[in-house]
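Colleague: Could you pick one part of this model and take me through it slowly, then show me how it connects with what lies around it? I'm still new to reading structures, so plain words, please.

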Amino acid sequence: AAHLEIELADGIVRHYSLCGGPQHGEPWRIAVLREPASRGGSKLIHESVSPGDIFTVRGPRNNFALVDAQRYLFVAGGIGITPILPMVHDVAARAKPWTLVYGGRTLTSMAFIGELSEISGGELHIMPEDEYGLLDLDHFLGAPRTDTAVYCCGPGPLIDAVALDA
């Protein structure tokens, strides 16, 4: 999963995960969550950016590479779905077994649900917190499997919990 460094107005620089694969010749696509307590980046993008605006961009850089494995387990929390989405597309295109566990506060706050439901060949578990509570990581991680690569992106407590269970 690659990310871009985008230079915004007033010298603000932010990093955003690509939601699509630049290796496939697709346009670069990012998702930016509007943060009420924004330090400037998300507020600026949501209030000031228009289609056709041009930015200085560095990258893409891939610090979250997808390794080859027999099967994959992806755990995403909230906007953490952005780097996971192209990974799921990639493993599905290679006909590798995959499972995605995707949590968020509410179903309406969770991005890419429609796109994810169209990806075949795997198990998709959409689990908004207001309906299911916190993700049952023990259920999905269980006993570690040497043939399964586990990827997680989301808030710090989710990443920490996955690291403890994996």
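Modeller: Let's begin with a salt bridge: the side chains of R94 and D68 meet, with 3.4 Å between N and O. This pair ties together distant parts of the chain, as 26 residues separate them. R94 sits in the loop between helix 2 and strand 5, while D68 belongs to the loop between strand 3 and strand 4. Keep in mind that this is a predicted model.

How open are the two ends? D68 has a relative accessible area of 64%, and anything over 50% is called exposed, so D68 is exposed. R94 has a value of 35%, so R94 is partly exposed. R94 also has a salt bridge to D90, where the closest N and O atoms are 3.0 Å apart. Through shared partners, salt bridges gather D68, D90, R94 and K96 into one network. Across the structure there are seven salt bridges.

Now follow the chain outwards from R94. The helix before that loop, helix 2, covers residues 81–93. Helix 2 lies across strand 4, strand 5 (98–104) and strand 7, and runs at about 160° to strand 4. Those three strands lead us to an open sheet of four strands, in the order 6-5-4-7, paired in parallel. Which strands stand at its edges? They are strand 6 (122–128) and strand 7 (148–153). Each has a single partner strand, so one side of each has no neighbour in the sheet. From one strand to the next, the twist averages 10°.

Zoom in on one pairing here. Strand 4, made of residues 71–77, pairs with strand 7 in the parallel sense over six bridges. If you'd like a spot to find on screen, look for V75, which stands opposite C152 in strand 7. Another helix belongs in this picture: helix 6 (residues 156–165) lies across strand 4 and strand 7, at about 160° to strand 7.

Next, go back to D68 and walk the other way. Strand 3, on the other side of its loop, covers residues 56–61. Strand 3 takes part in an open sheet of three strands, with the order 2-1-3 and antiparallel pairing. What is left without a neighbour here? Strand 2 and strand 3 are the edge strands, each with a single partner, so one side of each is free of a neighbour in the sheet. Ignoring direction, neighbouring strands in this sheet are turned by 20° against each other on average.

Strand 1 (residues 3–7) pairs with strand 3 in the antiparallel sense, over four bridges. Among the matched positions, H3 has R61 in strand 3 as its bridge partner. There's a salt bridge between these strands as well: E5 and R58 bring their closest N and O atoms to 2.5 Å. E5 is in strand 1 and R58 in strand 3, with their places 53 residues apart along the chain.

Are E5 and R58 buried or partly exposed? E5 has a relative accessible area of 14%, and the cut-off for buried is under 20%, so E5 counts as buried. R58 reaches 30%, so R58 is partly exposed.

E7 is another residue of strand 1, and E7 is partly exposed because its relative accessibility is 33%. E7 and T56 are 49 residues apart in sequence, yet their C-alpha atoms are 5.4 Å apart in space. Leaving out residues up to four places away in sequence, E7 touches I12, V13, F55, T56 and R58.

F55 takes us to the surface. Together with W28, V49 and V57, F55 forms a nonpolar patch there, with about 310 Å² of accessible area in total. W28 comes from the loop between strand 2 (13–17) and helix 1 (41–48). W28 is partly exposed, because its relative accessible area is 44%.

For a contrast, step into helix 1 itself, where you'll find S42. S42 is buried because its relative accessibility is 8%. Setting aside neighbours within four places in sequence, S42 contacts Y16, V32, L33, R34 and E35.

Definitions and conventions
Residues are numbered from 1 along each chain as its sequence is written. This is a predicted model: local features need pLDDT of at least 70, side-chain atom pairs count only at pLDDT 80 or more; totals for chains, interfaces and linings use all residues. Side-chain values use heavy atoms; hydrogens and water are left out. Patches are made of residues with over 30% relative accessible area and no salt bridge: like charges are joined within 9 Å, nonpolar side chains (Val, Leu, Ile, Met, Phe, Trp, Tyr) within 5 Å. Accessible areas come from the Shrake-Rupley method with a 1.4 Å probe; for residues, only the protein chains shown count as cover. A salt bridge is a side-chain nitrogen of Lys or Arg within 4 Å of a carboxyl oxygen of Asp or Glu. Helices (H or I, at least four residues) and strands (E, at least two) are DSSP runs, numbered from the N terminus. Buried means under 20% relative accessible area, exposed over 50%, partly exposed in between (1.4 Å probe, protein chains only). Two strands pair if DSSP finds at least two bridges between them. Axes are lines fitted to C-alpha atoms, for helices over the stretch in contact, and angles run from 0 to 180 degrees between N-to-C directions. Contact means heavy atoms within 4.5 Å.
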